[in-house]
Amino acid sequence: MPLVSVIIPAYNRERYLPAAIDSVLAQTFSDWELLVVDDGSEDSTPAVAQEYTRKNPRVRWLKHSQRKGAQAARNSGIHAARGRWIAFLDSDDRLLADSLDARLQLAMTNKVHVVHSECYILKPDKTEVCRAAEMAEKEEKLERMGLRPLQGQIYKDVLRRPGPMFQGLLVTREALARINYLDESIRSYQEWDTTIRLARHYEFAFVPQPTFVWNFRNPSSLSRSLTGNAAGFKQVVVKHQWSILRCLGPKALAFHYQTAGYLFRKAGDEAQARRCLVWAHIWWPFRPSIFSTCARRLFRSRSIN
């Protein structure tokens, strides 16, 4: 049985998938398996994955008959995994060579169930990294993301704002089973919901050096969808609002609704933006500035036009 199972959900990623898989094959830590979960792709993604399975028995391919979403694909991979530890990688991102080794060593040393790490971000104006072998040569050209170094009991911290990313997480199967796996209904900010639920039960550890490259250049990425961002953010806030209220108070909850309103305004959804502002005012009516400042920010463009 492998110690670590790496899960890559993939939908129409024939262009990016080889580099993601190659980055796993290049790991300095060797006791792993890779599960590529095809989420009903309509391009050559299945053929790409199957070619790797023929060459390397540690690479496995699973297929959804129809598209169910990245969270469902990750869950399928978790259920099929044989490793004690689960690592996630998006199909257009890459692990650095010591990614699994660095995170696993820290997990064993600190005796924790969850580890996360810093990363590099590949922005649209940066030179694209096409192969895992090229990463070491181009790391100095990449920019650190600057993720928060959350360690220990971080429940209140992640209720306050998003933290770890899926690609930097290393989690035990036991921990994922305890939270009943990943919520497939969340549209975006899925790792925020997952880390909130994990942090309720477990301490976290943090690897300060980057362990993966986040490709922000892919135009089809959900992280680039303003509507998906806004809807997902609100979903997480609504789902955890009583915990936010209990642990952080009504002002923090009002701020989250204010943020959701700002995101909906950026997406061009004025109706949802207003609803979120109303909830912000309901939860914290004692400081009118919370409402008025966000209202001015949201509706300034309308008055100008």
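So, β1 and β2: in this predicted model, strand β1, residues 4–10, lies parallel to strand β2, residues 32–38, and 7 bridges hold the pairing. If you want one position to look at on screen, take valine 6, whose bridge partner in β2 is leucine 34. Between the two strands sits helix α1, residues 17–25, and together β1, α1 and β2 make a right-handed β-α-β unit.

Stay with β1 for a second. How many of its 7 residues are buried? The count is 7 of 7, so to speak, a mostly covered strand. Val4, Val6, Ile8 and Ala10 point one way, while Ser5, Ile7 and Pro9 point the other way, and every one of these is buried.

β1 has another neighbour too. Strand β4, residues 85–88, runs parallel to β1, with 4 bridges between them. There, isoleucine 7 stands opposite phenylalanine 88.

Now back to β2. It pairs with strand β3, residues 59–63, again in the parallel sense, over 5 bridges. The chain gets from β2 to β3 through helix α2, residues 45–55, and that β-α-β crossover is right-handed. For a landmark here, look at valine 36, which has tryptophan 61 of β3 opposite it.

Okay, charges. A search of the whole structure turns up 10 salt bridges, and I'll walk through a few. Glutamate 33 and arginine 60 form one, with their closest N and O atoms 2.9 Å apart. Glutamate 33 belongs to β2 and arginine 60 to β3, so this pair links parts of the chain that are 27 residues apart. Buried or exposed, what is glutamate 33? Buried, with a relative accessible area of 2%. Arginine 60, on the other hand, comes out at 21% relative accessibility, and since buried means under 20%, it counts as partly exposed.

Next one: aspartate 90 and arginine 74, whose side chains meet in a salt bridge at 3.1 Å, N to O. This pair also links distant parts of the chain, with aspartate 90 in the loop between β4 and β5, arginine 74 in helix α3, residues 70–80, and their positions 16 residues apart. Both aspartate 90 and arginine 74 are buried.

Then there's a pair within a single helix. Aspartate 193 and arginine 197 form a salt bridge, closest N and O atoms 3.3 Å apart. They are 4 residues apart in helix α8, which means about one helical turn separates them. Aspartate 193 is buried, and arginine 197 is buried as well. These two are also part of a salt-bridge network that links Asp183, Asp193, Arg197 and Lys239.

While we're on arginines, two of them sit over rings. The charged end of arginine 58 is over the ring of tryptophan 32, 3.8 Å from the ring centre. Arginine 67 does something similar with tyrosine 11: its charged end sits over that ring, 3.7 Å from the centre.

On to aromatics. The structure holds 6 aromatic pairs. One of them is tyrosine 189 with phenylalanine 233, an edge-to-face pair at 5.3 Å centre to centre, with 80° between the planes. Where do the two residues come from? Tyrosine 189 is in the loop between α7 and α8, and phenylalanine 233 is in helix α9, residues 226–239, 44 residues apart. Phenylalanine 233 is buried at 4% relative accessibility, whereas tyrosine 189, at 23%, counts as partly exposed. Add Trp192 and you have one aromatic cluster of Tyr189, Trp192 and Phe233.

That same loop, between α7 and α8, holds asparagine 180, and tyrosine 181 is found there too. Asparagine 180 has a positive phi of about 65° although it isn't a glycine, and tyrosine 181 likewise has a positive phi of about 65° without being a glycine. Asparagine 180 is exposed, with a relative accessible area of 60%.

Last stop, helix α11, residues 250–266. At 1.5 Å a residue, its 17 residues should span 24 Å, and the end C-alpha atoms are 25 Å apart, which agrees. Its buried residues include Leu253, Tyr257, Leu263 and Phe264. After α11 comes glycine 268, with a positive phi near 85°. That's my tour, happy to take questions.

Key: Residues are numbered from 1 along each chain as its sequence is written. This is a predicted model: local features need pLDDT of at least 70, side-chain atom pairs count only at pLDDT 80 or more; totals for chains, interfaces and linings use all residues. Side-chain values use heavy atoms; hydrogens and water are left out. Buried means under 20% relative accessible area, exposed over 50%, partly exposed in between (1.4 Å probe, protein chains only). Two strands pair if DSSP finds at least two bridges between them. A crossover is right-handed if, with the strands pointing away from the viewer, the path from the first strand over the helix to the second runs clockwise. Rings of Phe, Tyr and Trp (its six-membered ring) pair if their centres lie within 6.5 Å; planes under 30 degrees apart count as stacked, over 60 as edge-to-face and the rest as tilted. A charge sits over a ring if NZ of Lys or CZ of Arg is within 6 Å of the ring centre and within 35 degrees of the ring normal. The expected span of a helix is 1.5 Å times one less than its number of residues. A salt bridge is a side-chain nitrogen of Lys or Arg within 4 Å of a carboxyl oxygen of Asp or Glu.
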